[in-house]
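This report introduces the structure shown below to a reader who has not met it before. It takes up selected residues and elements in turn, together with the fold as a whole.

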Amino acid sequence: MDRTKKDVVLCVVFGLLFAGGFAACLFLPKPKYSDSERRMLSPMPVLTAENVGSGRFMADFEGYAADAFPFRDSFRRIKAWTAWKIFRRQDNNGIYLAEGFLSALEYPVKEASLERAAGRFRAVCEKYLTDENKVYFCVIPDKNRFLAKESGRPSMDYAYFERRMAELTDFAEYIQISDLLEKEDYYRTDTHWRQERITDVADRLAAAMGTVLSHDYEIHTLEQGFYGVYYGQAALPLAPDSLQYVTGEDIGLCQVYDWQNNREISVYDMEKAEGRDPYEMFLSGSLSLLTIKNPNAPADKKLVMFRDSFGSSIAPLLISGYSQITLADIRYIHPDYLGQFVDFEGCDVLFLYSTLVLNHSDTIK
């Protein structure tokens with residue numbers, strides 16, 4: 001084949017590829033949500049003179065084009081595999097793989113964020129609590145504590161993190177739990193800890209707060225695999241986790257009220273167990289204010305827990321020691337409104353937060 005024919009063939013092949021790609025971009029359906037990344041995809045921006053003149057249209061279109069690109073997830077997997085296997089990168093978009101566990105880089109300690117978190121907690125205490133309330137504080141380490149430094153990634157000084165938070169929250173008794181945890185206590189593909197492996201953590205919290213828990217536990221496993229939040233972000237072909245949950249007599253008798261949506265719910269939402277984020281089966285996920293009542297409680301002992309999403313899976317383990325547990329997530333409800341729903345009189349109060357939230361406390365209202 002002479003040079004002219006080669007050039008013609010190359011031009012034709014390039015034209016076909018270009019035309020095919022253009023047609024795919026134009027006519028293939030455009031999903032609105034990415035199941036793998038668990039986020040809404042960028043919509044097509046509105047074409048107006050104002051948007052074009054301000055430059056906003058092209059900026060928004062760039063995001064839309066990247067999100068609507070045909071076979072996007074396949075290309076994401078190719079890019080991730082290339083980054084790991086060929087270029088030997090330590091992370092891909094901030095996600096790294098170590099000892100079979102996926103995690104997101106979390107570094108460094110953000111002093112201002114810790115101070116802000118402690119300040120918000122102090123404001124709650126000053127507004128609602130008296131000397132009759134016993135106040136406790138506990139830091140939940142993210143799994144980087146057990147993975148980052150050992151695998152050569154940047155790592156926070158977690159011991160310093162806990163000491164600093166204990167100093168800043170001198171209005172509360174600090175309860176340490178990090179010595180009870182290890183990487184196996186967390187899901188391999190997700191942020192959170194595994195409920196069936198933190199019964200010892202629940203026991204320590206309960207003992208520190210002066211109550212005793214029942215150990216009438218039965219462990220159940222969901223039939224389908226659990227692909228956590230890091231799975232989609234990493235875009236690597238990894239095996240799913242198994243998701244287990246704990247039941248018992250006290251948990252079965254509990255009555256749970258969701259103040260956000262004015263409804264009664266179950267401790268475990270089995271519809272969400274089959275949804276996009278199965279971890280949301282624990283107390284129906286990210287709800288701002290819940291009250292759990294235990295009619296089987298041996299004593300009228302109440303707890304108010306200020307928490308993030310880690311609290312959803314440990315609260316059912318604590319219920320056997322209390323007649324009532326109120327869970328407040330002040331990332332979603334402003335503390336000034338709590339007095340309308342929560343009676344703090346005589347309650348124990350626990351601030352239970354992960355390092356991930358404390359190090360990014362701008363999410364706390």
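## A buried acidic residue

D250 has its place in helix 10, which covers residues 249-253. The model described here is a predicted one. D250 is buried and yet has no salt bridge; the nearest side chain of opposite charge is that of K301, 15 Å away.

Which side chain makes a polar contact with the side chain of D250? The partner is N296, at 3.3 Å. N296 also appears in the set of residues that D250 touches, which further includes S214, N294, I319 and S320 when residues up to four places away in sequence are not counted.

## The fold as a whole

The protein has twelve helices and 14 strands. Its length is 365 residues, of which 47% count as buried. Among contacts with a separation of 6 or more, 72% are accounted for by residues 24 or more positions apart. The exposed area of the protein comes to about 18500 Å², and carbon and sulfur atoms supply 54% of that area.

## Salt bridges between parts of the chain

How many salt bridges does the structure hold? The count is 16. One of them joins K183 to E99, with the closest N and O atoms 3.2 Å apart. K183 lies in the loop between strand 6 (173-174) and helix 8 (199-208), and E99 in the loop between strand 3 (95-98) and strand 4 (101-104), so this pair ties together parts that are 84 residues apart in sequence. K183 is buried, because its relative accessible area is 18% and the limit for that class is under 20%.

A further salt bridge brings together the side chains of E115 and R164, at 3.5 Å from N to O. Since E115 lies in helix 5 (residues 111-128) and R164 in helix 7 (residues 158-168), the pair ties together parts that are 49 residues apart in sequence. E115 is partly exposed, with a relative accessible area of 40%, whereas R164 counts as buried at 18%. These two residues also belong to a network of salt bridges that links E111, E115, R164 and E167.

Helix 7 also contains E162, which is paired with R145 in helix 6 (residues 144-147), 17 residues apart. The closest N and O atoms of this salt bridge are 3.0 Å apart. Is E162 buried or exposed? At 7% relative accessibility, E162 counts as buried; R145, at 24%, counts as partly exposed.

## The buried face of helix 8

In helix 8, the residues V201, A202, L205 and A206 are buried. Seen down the helix axis, the buried residues of helix 8 fall within an arc of 135°, so they line one face of the helix. In general, an α-helix has 3.6 residues a turn, so residues three or four places apart point the same way.

What covers the buried residues of helix 8? The cover includes strand 5 (134-140), helix 11 (311-318) and strand 14 (348-354). Just after helix 8, G210 takes a positive phi of about 80°.

## A buried leucine in a loop

L338 is placed in the loop between strand 13 (324-328) and strand 14. At 0% relative accessibility, L338 counts as buried. The C-alpha atoms of L338 and Y128 are separated by 8.9 Å, although the two residues are 210 residues apart along the chain.

Y128 is also one of the residues in contact with L338. Leaving aside neighbours within four places in sequence, the others are L289, F306, A328, I330 and I333.

## Backbone features

Most residues other than glycine have a negative phi, and most peptide bonds are trans. Against this background, the peptide bond from Y107 to P108 is cis, with omega near 0°. P108 is located in the loop between strand 4 and helix 5.

Two residues other than glycine may be noted for a positive phi. For E99, the salt-bridge partner of K183, phi is near 55°; this residue is found in the loop between strand 3 and strand 4. For L283, phi is likewise near 55°. L283 has its place in the loop between strand 10 (263-265) and strand 11 (289-293), and is buried, with a relative accessible area of 0%.

Definitions and conventions: Residues are numbered from 1 along each chain as its sequence is written. This is a predicted model: local features need pLDDT of at least 70, side-chain atom pairs count only at pLDDT 80 or more; totals for chains, interfaces and linings use all residues. Side-chain values use heavy atoms; hydrogens and water are left out. A salt bridge is a side-chain nitrogen of Lys or Arg within 4 Å of a carboxyl oxygen of Asp or Glu. Helices (H or I, at least four residues) and strands (E, at least two) are DSSP runs, numbered from the N terminus. Buried means under 20% relative accessible area, exposed over 50%, partly exposed in between (1.4 Å probe, protein chains only). Lys and Arg count as positive and Asp and Glu as negative; His and the chain ends are not counted. A polar contact is a pair of N or O atoms within 3.5 Å; within protein, one must be able to donate a hydrogen and the other to accept it, and residues adjacent in sequence count only if both atoms are side-chain atoms. Contact means heavy atoms within 4.5 Å. The arc is that of the directions from the helix axis to the C-beta atoms. Accessible areas come from the Shrake-Rupley method with a 1.4 Å probe; for residues, only the protein chains shown count as cover.
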